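Hi,

Here is the structure I promised to pass on to you. Please open it alongside this email, and then read on for what I found in it.

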Amino acid sequence: MKSKELQKNTEENDIDYDQQQEETFHSIDLLKEHGINASDISKLRDAGFNSIESVTYSTKKTLVSIKGLSEIKVEKIIDACSKICQMGFTPSNIYLEKRKNLVYLTTGSSELDKLLDGGIESDSITELFGEFRTGKTQICHRLCVTCQFPREKGGSAGKAFYIDTEGTFRPEKLKPIAERFGLDPDEVISNVLYARTYNSDHQNKLLMQACALMTESKFSLLIVGSATNLYRTDYSGRGELNARHLSLAKFLRNLQKIADEHQIAVVITNQVIASVDGSSFDGGNDKKPIGGHIMAHAAQTRLSLRKGLNDNRIYKINYNIILLNTSF
Ligand SMILES: Nc1ncnc2c1ncn2[C@@H]1O[C@H](COP(=O)(O)OP(=O)(O)O)[C@@H](O)[C@H]1O
Ligand SMILES: [Mg+2]
């Protein structure tokens, strides 16, 4: 009986995935109806552009760099996209309506949800930073399950991507979490798409693959744990600092594009390092998150994690564009 109910729930969720997929973005195939030929559409798709929004959010320079697309063709494509997806000024009340559709994924902890003003926000990037063993990976595992809940239960009825740069993802950890919430563990685990990556170029390429997969089913969460560590090892020394910053900034910009285009929650983890220049971060803390200003500007919400006494974990909103003036 219970498994029948589970199956029914899963079937309902499947239907949700398809219906919501329709609402989230415009397929690149719509360009056909606006005079763009099939071969140019497939060139865009091969370069990772699967939606009208993904083209619209890109610069002309990026589009011209796609093999086989001339400047004239790109102009025609941009013109067609602007007819399908408006990018101009919008009255604030319409923007307000759009913000009402944001989803807040529950972290599974009511206190933490309260601190986050509802949970992990969709359409934006949330950074979890803290020392080793402060619980960053644990929260990510939990979110992989809760993002699959239906909306009324604090989820978004979607699948999750997990980009793992540290080798700390453990699918077996999802099982007890799923069971605790009365979900079918096998179903939950199969809805988490996992990729291990060892270099920062590959880390960036995985985003393109994620975009392609998002045209096939509904995803509600993308996790990158950790977002910064490969950039630190791939680019070492002062001589490569500039290249490292540029590359990390590009990756973070792509993440933001994905959050905007596909209306999913992006969660990145980050470690902290001792502040060698003696500057204090966060009112006297001698440890600061990696990535400096580039990371600081990327996330809409920065959540600091610390270990407390007796295995407790202390969470603190370090920065949130909405909660900025609230103290905890
Ligand atoms: N809120 C918590 N309370 C108690 N233990 C926790 C909590 N969060 C995580 N842990 C435990 O702490 C250890 C380290 O957690 P982990 O998520 O791997 O940390 P990080 O990713 O920050 O290094 C794990 O054994 C995990 O089970
Ligand atoms: Mg970890």
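Below I go through the overall make-up, the ligand shell, a pair of helices, some backbone details and a few contacts.

Please keep in mind that this is a predicted model.

**Overall make-up**

The protein has 14 helices and 11 strands. Of its 328 residues, 36% are buried. If you look at contacts with a separation of 6 or more, 69% of them are between residues 24 or more positions apart.

**Around ligand 1**

Which residues are around ligand 1? They are G130, F132, R133, T134, G135, K136, T137, Q138, D311 and R313. Helix α8 gives the most to this shell, with 3 residues. By class, the shell has 5 polar, 4 charged and 1 nonpolar residues.

One member of the shell, R133, is worth a second look. R133 sits in the loop between β3 (125–130) and α8 (136–146), and its phi is positive, near 65 degrees, although the residue is not a glycine. For context, most residues other than glycine have a negative phi. Is R133 buried or exposed? It counts as exposed, because it has 11 C-beta neighbours inside 10 Å and the cut-off for exposed is 12 or fewer.

**Helix α13 and its partner**

Helix α13 covers residues 241–262, and its 22 residues should span 32 Å at 1.5 Å a residue. The C-alpha atoms at its ends are 32 Å apart, so the model agrees with that expectation. The buried residues in α13 are S247, L248, F251, L252, L255, I258, A259, E261 and H262.

The partner to look at is α11 (residues 200–214), which packs with α13 at an angle of about 10 degrees, the two axes being 10 Å apart. Angles under 35 degrees count as roughly parallel, and α11 and α13 are therefore roughly parallel to each other. On the α11 side, the contact is made by S200, Q203, N204, L207, A210, C211 and M214. On the α13 side, S247, K250, F251, N254, L255, I258 and H262 take part. The residues of this contact between α11 and α13 divide into 7 nonpolar, 6 polar and 1 charged. Some names come up twice here: S247, F251, L255, I258 and H262 are listed as buried in α13, and S247, F251, L255, I258 and H262 also belong to the contact with α11.

Just after α13 comes Q263, with a positive phi of about 50 degrees. Q263 lies in the loop between α13 and β7 (265–270). Is Q263 buried or exposed? It counts as buried, because 24 C-beta neighbours lie inside 10 Å and 20 or more is the cut-off. So Q263, like R133, is a residue other than glycine with a positive phi, but Q263 is buried whereas R133 is exposed.

**A cis peptide bond**

Please also check the bond that joins G225 and S226: it is a cis peptide bond, with omega about -15 degrees. S226 is in the loop between β6 (219–225) and α12 (229–234). As a reminder, most peptide bonds are trans.

**Some contacts to trace**

G108 is a good place to start. This glycine is in the loop between β1 (104–105) and α7 (110–115), and G108 is buried because 20 other C-beta atoms lie within 10 Å. Which residues does G108 contact, leaving aside neighbours within four places in sequence? They are R142 and T146. G108 and R142 are 34 residues apart in sequence, yet their C-alpha atoms are 7.0 Å apart in space.

R142 itself belongs to helix α8 and counts as buried, with 22 C-beta neighbours inside 10 Å. Not counting residues up to four places away in sequence, R142 touches T107, G108 and I177. From R142 to A178 is 36 residues in sequence and 8.7 Å in space, C-alpha to C-alpha.

Elsewhere, A47 lies in the loop between α2 (38–46) and α3 (52–56). A47 is partly exposed, with 19 other C-beta atoms within 10 Å. A47 and L63 are 16 residues apart in sequence, and 9.1 Å separates their C-alpha atoms.

Happy to talk any of this through.

Best wishes

Technical notes
Residues are numbered from 1 along each chain as its sequence is written. Chains are lettered from A and ligands numbered from 1 in the order in which they are written. This is a predicted model: local features need pLDDT of at least 70, side-chain atom pairs count only at pLDDT 80 or more; totals for chains, interfaces and linings use all residues. Helices (H or I, at least four residues) and strands (E, at least two) are DSSP runs, numbered from the N terminus. Two residues are in contact if their C-beta atoms, placed from the backbone, lie within 7 Å. The expected span of a helix is 1.5 Å times one less than its number of residues. A residue is near a molecule or strand if its C-beta atom, placed from the backbone, lies within 6 Å of it. Ala, Val, Leu, Ile, Met, Phe, Trp, Tyr, Cys and Pro count as nonpolar, Asp, Glu, Lys and Arg as charged, and the others, Gly among them, as polar. Axes are lines fitted to C-alpha atoms, for helices over the stretch in contact, and angles run from 0 to 180 degrees between N-to-C directions. Angles under 35 degrees count as roughly parallel, over 145 as roughly antiparallel, 65 to 115 as roughly perpendicular and the rest as oblique.
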